[in-house]
Amino acid sequence: MTTPATATRRFVLLDRDGTLNVERDYLSDPDQLELIAGVGAALRRLRQSGFGLVVVTNQSGIARGYFDIATVRRIHERLRALLAGENVSLDGIYFCPHAPEDACHCRKPRPGMVEQAVDDHGFDPRQAFLIGDSAVDINLGRAVGATPLLVRTGWGEKAEREGNCVPAAIVDDLAAAVDWIERSVGNAMSKECPL
């Protein structure tokens with residue numbers, strides 16, 4: 001993973017299922033993809049604040065034979081189309097097609113997808129935020145030095161109850177995560193540039 005010293009644009013790394021769209025066990029039909037209420041507006045706020053947006057998602061249903069890579073690509077086309085309808089674009093979508101037992105480098109919480117995103121977009125993951133609904137998301141954030149936020153949508157309430165990860169904050173949904181990020185960035189800026 002190469003991190004350019006001149007990287008200034010900050011990124012938000014986003015889980016897909018349960019964070020951006022309604023959780024459906026092994027989503028395999030693009031027509032069943034449904035954005036969680038408020039996601040479009042929340043991502044638009046991040047864009048307006050200058051953040052890059054990258055999705056990182058485990059898709060072990062491929063390795064399990066539930067669907068193929070072409071199906072995942074169609075789902076991602078649908079995701080991009082739904083977000084375009086909300087005036088939002090993504091910088092990239094990265095997915096791991098492997099099963100947990102494959103011990104690959106890309107399956108969250110391992111850093112492979114983030115490393116690829118850094119190589120493609122030239123950002124510093126230590127200046128990034130990661131938003132997800134499970135322990136693997138939060139642990140990925142910790143592994144790459146990002147600030148991880150747990151949302152209670154999707155599997156988030158279960159992850160909160162289990163307590164097997166240490167997010168920087170636990171928030172209700174993506175909009176609340178964006179509020180937290182805006183406060184955090186605003187506080188950092190006010191410390192750097194006192195009036």
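Author: Buried means under 20% relative accessible area, exposed over 50%, and partly exposed in between (1.4 Å probe, protein chains only). This model is predicted, so local features need pLDDT of at least 70 and side-chain atom pairs pLDDT 80 or more, while totals for chains, interfaces and linings use all residues. Residues are numbered from 1 along each chain as its sequence is written, and side-chain values use heavy atoms, without hydrogens and water.

Reader: Is Y26 buried, exposed or partly exposed?

Author: Happy to start there! Y26 sits in the loop between β1 and α1 (helices, H or I of at least four residues, and strands, E of at least two, are DSSP runs numbered from the N terminus). Its phi is positive, about 55°, although Y26 is not a glycine. Because its relative accessibility is 34%, Y26 counts as partly exposed.

Reader: And which peptide bond is cis, with omega near 15°?

Author: Most peptide bonds are trans. Look in the loop between β3 (92–96) and α3 (112–121), where P109 has its place. The cis bond runs from K108 to P109.

Reader: Which element gives the largest share of the largest nonpolar core?

Author: Such a core is a set of buried Ala, Val, Leu, Ile, Met, Phe, Trp, Tyr and Cys residues joined through side-chain atoms within 4.5 Å. Here the largest has 31 residues, and V12, L14, L43, I131 and I181 touch the most other members. Elements supplying at least two residues each include β1 (11–14), α1 (39–48) and α6 (174–192). The largest share, five residues, comes from α6.
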